[in-house]
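Reader: I would like a close look at one part of this protein, namely its parallel and antiparallel strand pairings and the helices that lie against them, followed by an account of how the remaining parts are packed.

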Amino acid sequence: MIYQGNAISLKRDDQCIATLTFDLKDESVNTLSGAVVQELGEALQALQALRGESGINGLMLTSAKDAFIVGADITEFHGMFAKGEDEIQAMLERVHGIFNDLEDLPFPTVSAINGLALGGGCEVTLATDFRVMGDKAKLGLPETKLGILPGWGGCVRLPRLIGADNAIEWISGGSENRADDCLAVGAVDAVVPAESLEAAARDILSRAGQGELDYQARRAEKQGPLKLDAIEQMMAFETAKGYVAGKAGPHYPAPIEAIKVIQKGAGEERARAQAIEASAFARLALTDVCYNLVGLFLNDQVVKKKGSQYARQSAPVNQAGVLGAGIMGGGIAYQSASKGTPILMKDIKEEAIELGLKEARKLFGKQLERGKLTSQQMAERLGNIRPTLSYGDFGHVDLVVEAVVENPRVKGAVLAEVEEYVSEEAILTSNTSTISITRLAENLKRPENFCGMHFFNPVHRMPLVEVIRGEKTADAAVAATVAYARQMGKTPIVVNDCPGFLVNRVLFPYFGGFSQLIAGGADFQRVDKVMEKFGWPMGPAYLLDVVGMDTAVHAGDVMAEGFPERMGSLGGGGGEGQPQSAIQLMFDNDRLGQKNAKGFYAYEEDRKGKPQKTSDETAIELVNSIAESGRDFSDDDIIARMMTPLCLETVRCLEDNIVGTPAEADMALIYGIGFPPFRGGALRYIDAMGLEAFVAQADELAAELGALYAPTNKLREMARNGERFYQEAAEA
């Protein structure tokens with residue numbers, strides 16, 4: 001043994017091949033924390049100290065885990081970045097020095113890549129002369145998804161290895177790349193079955209040692225300038241900038257900055273190119289976007305860990321059932337079947353069954369068109385959906401999702417009916433967006449086996465599932481529902497029962513802010529543009545058209561009944577003494593949104609059958625009929641009046657124990673309603689503004705607009721004490 005650390009071991013065999021193995025003690029995956037990178041440096045020093053007397057013919061990098069290295073240790077980022085630009089650059093220079101030592105060893109080197117090699121894990125393989133990849137492994141540089149760029153040599157080595165165009169695509173997109181694609185662009189030298197990795201890596205070292213493979217030429221290519229003339233550079237980089245800027249949008253600077261780093265370093269030798277990379281990384285690491293996107297990653301880890309803890313308490317769901325075979329039921333059936341869980345799809349009408357199957361066939365068909373499925377795979381997965389008009393086979397179902405019309409009487413009757421046909425251990429769930437789970441459980445014989453399972457539309461695209469615990473719901477029911485959601489590829493977040501649960505309870509004060517703005521004379525089209533510029537995927541008027549005005553009115557009535565003091569104005573006529581809301585106005589004039597092609601906007605289908613919005617004079621005249629005239633709102637006014645009630649309701653949900661942690665609350669809003677990810681979520685948004693400033697803004701608005709804008713007493717106390725919802729910055 002040449003070296004033994006907590007994460008790295010280095011040994012030499014009788015052929016004088018050294019093997020450096022990553023195996024982080026007591027962890028399921030390898031990450032490159034500061035301590036692990038330091039061990040790598042120590043191991044390489046130990047290796048260099050040996051070369052004079054004993055001789056080494058080659059070095060192989062391997063992993064003892066199921067994945068090679070999943071990246072840097074992101075839990076260290078907030079603390080590291082808080083130290084400032086000089087410290088970040090010093091850290092990068094230390095890592096560059098270690099990776100350069102690896103690249104400059106006086107014998108050939110190879111990485112044997114199994115599983116995932118991402119971020120820093122990919123960059124360390126780029127420092128070796130050769131790379132052999134398992135056929136199921138993946139390589140990628142996802143740093144731009146965290147608001148930074150590859151800072152350990154990825155922007156320097158990858159373009160010289162696979163060409164500028166390919167490197168720009170990899171780095172700006174942050175994608176994970178399959179083994180065959182990596183081989184096609186030259187990122188790796190061979191792809192073999194996982195069990196043959198070590199043998200293939202040894203073969204490459206042997207051929208390099210015999211001069212058959214020129215490892216020194218490989219190094220020279222990686223360390224010299226990029227081989228592009230001035231015209232080729234202009235074509236590659238300027239074209240890419242325009243395309244990537246359009247895809248990334250104005251709020252995500254890292255992808256464009258990465259292209260600029262590759263371009264600026266293209267004519268430089270290794271040392272200068274790495275200095276350019278390090279400088280850009282340090283600047284990006286200090287941005288709010290990076291802080292929030294790193295926070296988002298950490299929040300996602302919290303949510304996944306909690307989901308995993310629940311799922312471990314439950315057996316897998318082997319057979320599911322869905323009641324109601326419309327668009328929603330069909331979407332649920334598709335999602336279950338596509339992830340391998342067979343599902344019975346029941347309805348009382350043959351035409352509804354056909355509609356559900358049509359929805360599933362359409363979604364599978366799109367997968368087929370994109371090459372994600374073969375015809376045989378599509379047929380097999382469609383076969384996982386069994387349509388039925390009866391409860392005949394429901395005795396074998398582990399979990400049922402009720403997805404009938406959003407009406408408490410109808411849902412209650414259907415749930416009581418199916419309970420008679422399932423086993424005593426079966427879990428019943430309701431895909432309701434607003435109706436109390438405790439109320440729906442009243443007519444059930446086994447309310448402990450019942451909870452909410454709220455999917456978001458469209459089911460196949462929206463990652464969130466709210467799992468709602470009623471007053472009598474048992475832990476086993478929650479655990480089974482979380483397990484099933486995870487089997488379906490969804491992110492479940494467990495919440496407690498209340499009107500609207502978490503996501504809709506938070507969303508409807510946002511709509512309330514919109515209604516008050518419109519009543520005050522704001523132009524709804526301008527409000528949409530301001531909020532889209534702020535970062536929402538669509539403005540509130542457009543979102544209401546997508547949700548459907550009938551759905552919004554129903555949910556608004558539920559909110560008004562549940563929280564009359566704050567949300568009374570969200571109900572039918574706007575509440576006592578309140579003007580009629582714009583949402584109710586649209587509903588009363590049969591402008592339901594996209595479902596009947598007219599709402600705040602008019603809609604026409606494009607060539608692909610997708611609804612495209614256009615301005616509609618009738619809608620504008622209707623809205624003007626209930627609005628005050630002459631009031632001018634600045635962009636900041638609009639943002640404050642829209643965001644404050646949403647953020648305050650998120651705070652209340654946390655205080656009321658509807659949701660367990662700030663991380664879960666923020667992730668639910670990002671995954672459920674498209675809260676701008678680069679802003680980190682509602683609670684990070686308050687932290688960024690500062691609780692004292694946020695409370696002052698809310699108080700000022702509440703004086704004019706009422707209880708929807710009033711801070712809670714606990715929030716006032718937090719503001720007085722200088723507290724935050726997230727403590728990373730304070731701890732750093």
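Author: What follows begins with the sheets, passes to the helices that cover them, and ends with the packing of helices and cores elsewhere in the chain.

The model is a predicted one, and the part you ask about is best entered through its open sheet of 7 strands, which are arranged in the order β1-β2-β3-β4-β5-β7-β10 with mixed pairing. At its edges stand β1 (3–4) and β10, each of which pairs on one side only. Within the sheet, strand β4 (residues 58–63) and strand β5 (residues 109–113) are paired in the parallel sense through 3 bridges, and L59 has T109 of β5 as its bridge partner.

Two helices can be placed against this sheet. Helix α1 (residues 34–50) packs on the sheet and touches β1, β2 (8–12), β3 (17–22) and β4, its direction making about 15 degrees with that of β2. Helix α8, for its part, lies across β3, β4, β5, β7 (130–134) and β10, and runs at about 160 degrees to β7. The loop between β10 (190–192) and α8 (197–209) contains S196, which counts as partly exposed because its relative accessibility is 28%. Although S196 and M133 are 63 residues apart along the chain, their C-alpha atoms are separated by 9.7 Å.

A second open sheet is formed by 3 strands in the order β6-β8-β9, and its pairing is again described as mixed. Since β6 (116–118) and β9 (176–178) are its edge strands and each has a single partner strand, one side of each is left without a neighbour in the sheet. Neighbouring strands here are turned against each other by 20 degrees on average, direction ignored. Strand β8 (residues 138–140) pairs with β9 in the antiparallel sense over 3 bridges, and K138 stands opposite R178 in β9.

The strands β8 and β9 also take part in covering a helix, since what covers the buried residues of α6 includes β8, α5 (154–162), β9, α7 (179–185), α10 (230–248) and α11 (254–265). In this helix, α6 (residues 164–173), the residues A164, A167, I168, W170, I171 and S172 are buried. Just after α6, G174 takes a positive phi of about 65 degrees.

Further along the chain, strand β19 (residues 602–605) and strand β20 (residues 611–614) run antiparallel and are joined by 4 bridges, with A602 standing opposite T614 in β20. These strands form a hairpin with 5 residues between them, and in the turn G609 has a positive phi of about 85 degrees.

Turning to helix packing, helix α20 (residues 503–519) and helix α23 (residues 549–562) pack with their axes 10 Å apart and at an angle of about 100 degrees, and α20 and α23 are therefore roughly perpendicular to each other. From α20, the residues N504, R505 and F508 meet A552, A555, G556 and M559 in α23. Sorted by class, the contact of α20 with α23 has 4 nonpolar, 2 polar and 1 charged residues.

A further pair is made by helix α27 (residues 635–655) and helix α30 (residues 691–705), whose axes come within 10 Å and cross at roughly 105 degrees, so that α27 and α30 are likewise roughly perpendicular to each other. On the side of α27 the contact is made by A640, R641, T644, C647 and L648, and on the side of α30 by F694, Q697, A698, L701, E704 and L705. The classes in the contact of α27 with α30 are 7 nonpolar, 2 polar and 2 charged residues.

Finally, the largest nonpolar core has 109 residues, and those with the most contacts inside it are F524, M531, F600, M643, L646 and F725. Helix α27 gives the most to this core, with 11 residues. Leaving aside residues up to four places away in sequence, M643 touches Y510, M531, F534, W536, F675 and Y685. Another core, of 82 residues, lies apart from the largest one, and among its residues are L47, L61, A254 and A278.

Terms used
Residues are numbered from 1 along each chain as its sequence is written. This is a predicted model: local features need pLDDT of at least 70, side-chain atom pairs count only at pLDDT 80 or more; totals for chains, interfaces and linings use all residues. Side-chain values use heavy atoms; hydrogens and water are left out. Axes are lines fitted to C-alpha atoms, for helices over the stretch in contact, and angles run from 0 to 180 degrees between N-to-C directions. Angles under 35 degrees count as roughly parallel, over 145 as roughly antiparallel, 65 to 115 as roughly perpendicular and the rest as oblique. Contact means heavy atoms within 4.5 Å. Ala, Val, Leu, Ile, Met, Phe, Trp, Tyr, Cys and Pro count as nonpolar, Asp, Glu, Lys and Arg as charged, and the others, Gly among them, as polar. A nonpolar core is a set of buried Ala, Val, Leu, Ile, Met, Phe, Trp, Tyr and Cys residues joined through side-chain atoms within 4.5 Å. Buried means under 20% relative accessible area, exposed over 50%, partly exposed in between (1.4 Å probe, protein chains only). Two strands pair if DSSP finds at least two bridges between them.
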